[in-house]
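Hello,

Here is the structure I promised to pass on to you. Have a look at it first, and then read on for what turned up in it.

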Amino acid sequence: MLQPLRKPAEAEPARLGRLAKLPVFFDLKGRRAVLVGGSAGAAWKAELLAAAGADVDIYAAEPSSEMENLLARGAADGSLTLHRTAWSEDILNDAALAVADVEDEKEAQSFAAAARDAGVPVNVVDKPAFCDFQFGSVVNRSPVVIGISTDGAAPILGQAIRRKIETLLHPSVASWATFAKHVRERVMQHLPQGLARRTFWERLSDLAFRGKEPEAYGNTMENVLERIAGQAGEKVGRVTLVGAGPGDAELLTLKAMRALQSADVILFDDLVSEDVLELARREAKRMMVGKRGGRASCAQDDINDLMVRLALQGKQVVRLKSGDPMIFGRAGEEIEHLEKAGIPVDVVPGITAGIALASVLGTSLTHRDMAQSVRFVTGCAKTGQLPSGLDWHGLADPNTTTIFYMAGGTAGAIAERLIAAGCSSSLPAVMVSDVSRGDERWAGAIANLGWASERRDPSKPVIIGVGRVFERANQSSVRHGVDPLLQSMAHA
């Protein structure tokens, strides 16, 4: 039996889900707002209303010191006027908004009733039953303003969400929004509605999220407009080398987070943690290009060519490296290759494993009584053995702290060479796997370093520290809760 034919038709848009509160933005510029109460909380509400351009009449017989300080400083916009009297119904005449911070339930009810009788939207702080509207957490990139509400259920959660958004929105977004406001009328006059106008605003938005002020693209509005118009001919993307740090996503820089949020493609090492990748833009394509000693790895030439190919397609590429890109991360080779191909490249630093090691153990690598210098040294050459050109006598300097990277397989040889160069066999050493997670930690004499390395989990990357600054590493290990077996290894 033939199935009935169906003509193509547009799908109905999904219905909007339930909203606990309607998010609206109230224009208070030059309008009168009434605030009853003189507490510290009331002072914050007064500052918020005035920042939105309101002329705020404050009624408080005994204002707090916070309120007095606010009045002394004055408002960034709008105005603040203190009336050292109690409130009455007539103060609500001609008010655009009314806010009260009062403890007494009956007074709160009376104020709310008076405001509603006067047709004025009212908020009584911390008393939702008497509120027509609520204040949420605010992200201020004015004229871009973001309000966050949890319907009063979890104000602290709202503040945490605000902090997350603030880390992703570079302060320059405010300048771009102001710029857009100034050019909007010209755009409406000269660009036809539809694709041309939309393309202009998309190009402006792309520049706005690069973390630079409009002035970076020209000294005048005309210069910036020319740059936006010229984006149509830009066929080349860019590559940003980003340090992912030692694995803990909270150790990322704000600049690294913004790069991840603006990426089209992310090429990441297999040492980069899932927590870090979770911060990336959801639409970004993710490609693992890991390089690990003794394992199947991507060839460096292939990684270089891939970055160039993607950038030539106009992609924003993030090359995400564990630790810091400029510390044993082959960044020099990649930058040179990209520059030869004419690809713009930026570098965002990260916390290198050696610094993370010091933080995890609570150890200063340059404690002034024990070490006057610190060295970061590779413990593995292309051959998988110790590099041939290391200055072992310099590394054996008792006033130097040495951090060995990629040294899990050469730990025993490192200990032998340092002892042969003059180090005491009892010189303190530490070895930590997955440094930001502290999965395994060992501390002991350098003479036992090779023995400890043979008993580690070979699938996990390790970093090794050698020097007098690690004398108290055993105590630090106990404080951080090391596996008893590893603790016993420290005393072998």
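The accessible surface of the chain adds up to about 27100 Å², and carbon and sulfur atoms hold 52% of that area. Please keep in mind that this is a predicted model. Of the 492 residues in the chain, 42% count as buried. You will find 17 helices and 17 strands as you trace the chain. If you take the contacts with a separation of 6 or more, 64% of them are between residues 24 or more positions apart.

Let's begin with the annotated positions. The UniProt record, an unreviewed entry, gives the feature "active site" at D269 and K291. Where does D269 lie? It is in the loop that links β9 (265–268) and α9 (274–277). Is D269 buried or exposed? Its relative accessibility is 13%, and buried means under 20%, so D269 counts as buried. Beyond its neighbours within four places in sequence, D269 is in contact with V289 and G290, and also with R319, L320, K321 and S322.

Next, try finding the open sheet of 5 strands, which has mixed pairing and the order β13-β14-β17-β15-β16. Which strands stand at its edges? They are β13 (373–378) and β16 (440–445); each has a single partner strand, so one side of each has no neighbour in the sheet. From one strand to the next, the twist averages 15°. As background, the strands of a sheet pair through backbone hydrogen bonds, and the pairing can be parallel or antiparallel. Here β15 (residues 428–433) and β16 run antiparallel and are joined by 6 bridges. To see this pairing up close, look for S433, which stands opposite E440 in β16.

Another strand of that sheet, β14 (residues 400–405), contains T401. With a relative accessibility of 0%, T401 counts as buried. Setting aside residues up to four places away in sequence, T401 touches L365, A371, S373, V374 and R375, along with V466, V469 and F470.

Now for the helices. Why is α12 (residues 353–361) described as largely enclosed by the rest of the structure? Because 7 of its 9 residues are buried. The buried residues of α12 are A353, G354, A356, L357, A358, V360 and L361. G362 follows α12 and has a positive phi, near 65°.

There are also two helix pairs to compare by eye. Two packed helices are described by the angle between their axes and the distance between the axes. In one pair, α1 (residues 40–51) packs against α2 (residues 65–73) at an angle of about 25°, and the axes are 8 Å apart. Angles under 35 degrees count as roughly parallel, so α1 is roughly parallel to α2. On the α1 side the contact is made by A40, A42, A43, A46 and E47, and on the α2 side by E66, M67, L70 and R73.

In the other pair, the axes of α4 (residues 155–168) and α8 (residues 254–261) come within 8 Å and cross at roughly 80°. Those two helices are therefore roughly perpendicular to each other. At this crossing, E166, T167 and L168 of α4 meet L254, M257, R258 and Q261 of α8.

Happy exploring, and do write back with any questions!

Best wishes

Terms used
Residues are numbered from 1 along each chain as its sequence is written. This is a predicted model: local features need pLDDT of at least 70, side-chain atom pairs count only at pLDDT 80 or more; totals for chains, interfaces and linings use all residues. Side-chain values use heavy atoms; hydrogens and water are left out. Helices (H or I, at least four residues) and strands (E, at least two) are DSSP runs, numbered from the N terminus. Buried means under 20% relative accessible area, exposed over 50%, partly exposed in between (1.4 Å probe, protein chains only). Contact means heavy atoms within 4.5 Å. Accessible areas come from the Shrake-Rupley method with a 1.4 Å probe; for residues, only the protein chains shown count as cover. UniProt positions are given in the numbering used here, feature names are shortened, and annotations may be inferred rather than shown by experiment. Two strands pair if DSSP finds at least two bridges between them. Axes are lines fitted to C-alpha atoms, for helices over the stretch in contact, and angles run from 0 to 180 degrees between N-to-C directions. Angles under 35 degrees count as roughly parallel, over 145 as roughly antiparallel, 65 to 115 as roughly perpendicular and the rest as oblique.
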